[in-house]
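This briefing sets out the sheet and the nonpolar cores of the structure shown below. The topics are taken in that order.

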Amino acid sequence: ATTLTAVVARDPRVSGEFLVAAVSAGLAASGVDVLDAGVIPTPALAFLVGDHDADFGVMVSASHNPAHDNGIKIFARGGVKLPDIVEERIEAAMAGEKLLPTGSGVGRIERFSDAEDRYKLHLLGSLPHRLDGIHVVLDCAHGAASGVSPETFKDAGATVTVIGADPDGLNINDGVGSTHLAGLAEAVVRLGADVGIAHDGDADRCLAVDA
């Protein structure tokens, strides 16, 4: 049988690192090859699963929830969300017999080294025109978009002011991001910016404010 491949990623919350380690170890111990994409937005993981033609993806994130929460989202081939019935079958299978390959049957864990660059190129390629002359304030919720979002907007030509992009594992969504728009709205007005965009912790949604 051909080895299955999974792409695994996380947001920057403090428990993400050991949960990704546990998920990766469990997958590799079951014979699945794992590509660890590190901290990237949930839509980046969905894109990379399809782009790399992986069999599935696992995102470790609790989205807009506070730092002490965490969760696991699984994406099917092509980067699509799983139907509830499949999620239920996975949960049921967790209680069943474990796959126990040995020797060359175990999976390998490797770093997905160009994950963020691939996603950025994909985003830039999807733009119908450049963003020169537009001043954007980005609130990255101290979350998964803290690296890729400001870089992408700058590469697209925008003038970028960034808030909430210093994740320390504990400050994700804490008074910043799409659930707390007051700071973003204030910054847009104070700076005379054209638009403000607030991500949530795993950057699979955003809210925007105008000038």
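The sheet of this predicted model is open and consists of 6 strands with mixed pairing, arranged in the order E5-E4-E3-E1-E2-E6. Its edges are strand E5 (80–81) and strand E6 (109–111), each of which pairs on one side only.

**Sheet and overlying helix**

- Strand E4 (residues 72–76) pairs with E5 in the antiparallel sense, over 2 bridges.
- Within this part of the sheet, Ala76 has Val80 of E5 as its bridge partner.
- Helix H2 lies across E1, E2, strand E3 (56–60) and E4.
- The angle at which H2 runs to E3 is about 165 degrees.

**Largest nonpolar core**

- The largest nonpolar core comprises 18 residues, and those touching the most other members are Val7, Ala9, Ala37, Ile40, Leu45, Leu48 and Phe112.
- Two or more residues of this core come from each of strand E1 (5–10), strand E2 (33–39), helix H2 (42–51) and helix H4 (115–126).
- H2 gives the most to this core, contributing 6 residues.

**Surroundings of Val7**

- Leaving aside residues up to four places away in sequence, Val7 touches Leu35, Ala37, Leu45, Val49, Ala54, Phe56, Gly57, Val58 and Phe112.
- Among these contacts of Val7, Ala37, Leu45 and Phe112 are also listed with Val7 as the core residues that touch the most other members.

**Second core**

- A separate core of 10 residues is also present, and its members include Ala6, Val20, Phe56 and Val60.
- Phe56 thus appears in this second core and among the residues that Val7 touches.

Key. Residues numbered from 1 in each chain as written. Predicted model: local features only at pLDDT ≥ 70, side-chain atom pairs only at ≥ 80, totals over all residues. Heavy atoms only, no water. Core = buried A, V, L, I, M, F, W, Y, C linked by side-chain atoms within 4.5 Å. Buried < 20%, exposed > 50% of the residue type's maximum accessible area, 1.4 Å probe, protein only. Helix = DSSP H or I, 4+ residues; strand = E, 2+ residues; numbered from the N terminus. Contact = heavy atoms within 4.5 Å. Pairing = 2+ DSSP bridges. Axes fitted to C-alpha atoms, helices over the stretch in contact; angles between N-to-C directions.
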